[in-house]
Amino acid sequence: MTEATWHGIIHATLKAHDVKLVTYVPDNVLRPLIERIHADDFFTAFTCTREEEAVGIVSGAWMGGMRGVVLMQTSGFATLPNVLASLPVPFQIPVLLIVSERGTLGEFNIGQAMVARTMRPVLDSIAMEHHTLSRLDEVEFIVDRSIRQAVATQQPACLILSPLLTGGKVFK
Amino acid sequence: MNNQPATRDTAKAVARFDITQRLVAKLHNEEAVIGGIGHTNFDLWAAGRRPQNFYMLGSMGLAIPIALGVAIAQPARKVIALEGDGSLLMMLGCLATVGARQPKNLIMVIMDNGAYEITGGQTTASAQGTDLAAVARATGIANANWAADEAHFETLIDEALATPGPHLIAARLTSAKPAGQTERDPAQIRDRFMRGLGTKR
């Protein structure tokens, strides 16, 4: 049975869509999702040294017939515009990105707050589909429909996990 | 040739188009080939179109990560990344990932001309002391060798195709213009590649 947490629902929905490969640069907020995925033999999951590398691996796997997702935090997304604009978007490869949102709603690091503001303008400027997940009751619908649309239209998509959903990371 | 393994300093400088043709001539099992940006994939294109070739257009440094993804998805197929030294230097961390994963079906061929040739020949770090095969060995990629000359390059390719990897073969290149130029049609490149891999009909 799917646990009614954001990470339980995402885990189950990825699996339901046969998304087997998970490449990521770790993030504290994503930890419960990462731990679930590593605990499930269904997935092939590993860390990468950069987010660009992780997107490259999932792109190659898609062309080889395996679906994948890349996990990262906001600052990691900020390293990606060139790769998104030269690989998944023009080559029509449905790479799924899941980004833990930092930089807002209680951010304590000015660098994170500033770089976070670049994320949605970048996604909009390369016409990449993106949604922000802020409510638990919408998680399954948004993840399910976003995967379906990405595959059907052969376009990448980005799902942003708001602190409203995850609790975020707070200064203690 | 003595019995010492070749190093970047002792390796004969070979022509990129010539060794690319030698490599392609050995591919009889629908091996996938990912051509890194610039002259690396121009010469792959010029060496003869194969449905199992993927030609990158941008995303500098991602030939090995893309090849690793294909290798994970299709473990029964040998997958070859052709990457330039400048590109690999941009994404050096990908060797650490390969070292950690140890994909048995991945072969990496490094085309090292010591220069960012397509932008005017500016010097790379590999021309100033970075030995990319040694870097690969330091990440745990045990089969990482310099090709001493053209014949040795062929021997290393034969071994890589016949034995479990990962394998890395570094070739020191002469400075030469590419023999052709890839047609820049990304959707078509991806579609042909997927048909070549049997993942699209």
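Here are some short exercises, each with a worked solution, on a predicted model with chains A and B.

**Exercise 1. Describe the overall build of chain A, and decide whether its radius of gyration agrees or disagrees with that of a compact globule.**

Step 1. Begin with the secondary structure: chain A has 10 helices and six strands.

Step 2. Next, look at the space taken up. Along the principal axes, the C-alpha atoms of chain A fill a box of roughly 45 × 40 × 30 Å.

Step 3. Now compare with the rule. A compact globule of 172 residues would have a radius of gyration near 16 Å, and chain A has 15 Å, so the two agree.

Step 4. Finish with the inside. Of the 172 residues in chain A, 46% count as buried. Among contacts in chain A with a separation of 6 or more, 75% come from residues 24 or more positions apart.

**Exercise 2. Find which residues of α1(A) are buried, and what covers them.**

Step 1. Locate the helix: α1 of chain A spans residues 6-16.

Step 2. List its buried residues, which are W6(A), H7(A), I9(A), I10(A), H11(A), T13(A) and L14(A).

Step 3. Recall a helpful rule: an α-helix has 3.6 residues a turn, so residues three or four places apart point the same way.

Step 4. Look for the cover. It includes the strands β1, β3 (67-73) and β6 (157-161) of chain A, together with the helices α2 (31-38), α9 and α10 (163-166) of that chain.

**Exercise 3. Work out how α1(A) and α9(A) pack, and which residues meet.**

Step 1. Know what to look for: two packed helices are described by the angle between their axes and the distance between the axes.

Step 2. Take both values. For α1(A) and α9(A), which covers residues 136-153, the angle is about 20 degrees and the axes are 9 Å apart. Therefore α1(A) is roughly parallel to α9(A), as angles under 35 degrees count as roughly parallel.

Step 3. Add the handedness: α1(A) and α9(A) cross in a right-handed way.

Step 4. Name the partners. From α1(A) come W6(A), I9(A), I10(A) and T13(A), and they meet L136(A), V139(A), E140(A), V143(A) and D144(A) of α9(A). Sorted by class, this contact holds six nonpolar, one polar and two charged residues.

**Exercise 4. Is D18(A) buried or exposed, and where does it sit?**

Step 1. Place the residue: D18(A) lies in the loop between α1 and β1 (19-24) of chain A. It follows α1(A) and has a positive phi, near 60 degrees.

Step 2. Count its neighbours. D18(A) has 11 other C-beta atoms within 10 Å, so it is exposed; the cut-off for exposed is 12 or fewer.

Step 3. Try a distance too. D18(A) and F108(A) are 90 residues apart in sequence, and their C-alpha atoms are 37 Å apart in space.

**Exercise 5. Describe the side of chain A that touches chain B, then look at a helix pair within chain B.**

Step 1. Count the residues: 26 from chain A and 27 from chain B take part in the contact.

Step 2. Find the elements. On the side of chain A, two or more residues each come from β2 (44-47), α3 (51-63), α5 (81-86) and α6 (88-91). The largest share, nine residues, belongs to α3(A).

Step 3. Sort by class: this side of chain A has 13 nonpolar, 10 polar and three charged residues.

Step 4. Turn to chain B. Its helices α1 (residues 16-25) and α7 (residues 150-162) pack at about 35 degrees, with axes 10 Å apart, and their crossing is right-handed.

Note on methods:
Residues are numbered from 1 along each chain as its sequence is written. Chains are lettered from A and ligands numbered from 1 in the order in which they are written. This is a predicted model: local features need pLDDT of at least 70, side-chain atom pairs count only at pLDDT 80 or more; totals for chains, interfaces and linings use all residues. Helices (H or I, at least four residues) and strands (E, at least two) are DSSP runs, numbered from the N terminus. A residue is buried if 20 or more other C-beta atoms lie within 10 Å of its own, exposed if 12 or fewer, and partly exposed in between; C-beta atoms are placed from the backbone. Axes are lines fitted to C-alpha atoms, for helices over the stretch in contact, and angles run from 0 to 180 degrees between N-to-C directions. Angles under 35 degrees count as roughly parallel, over 145 as roughly antiparallel, 65 to 115 as roughly perpendicular and the rest as oblique. A crossing is left-handed if the near helix is turned anticlockwise from the far one by less than a right angle, and right-handed if clockwise. Two residues are in contact if their C-beta atoms, placed from the backbone, lie within 7 Å. Ala, Val, Leu, Ile, Met, Phe, Trp, Tyr, Cys and Pro count as nonpolar, Asp, Glu, Lys and Arg as charged, and the others, Gly among them, as polar. The radius of gyration is taken over C-alpha atoms; the globule rule is 2.2 Å times the number of residues to the power 0.38.
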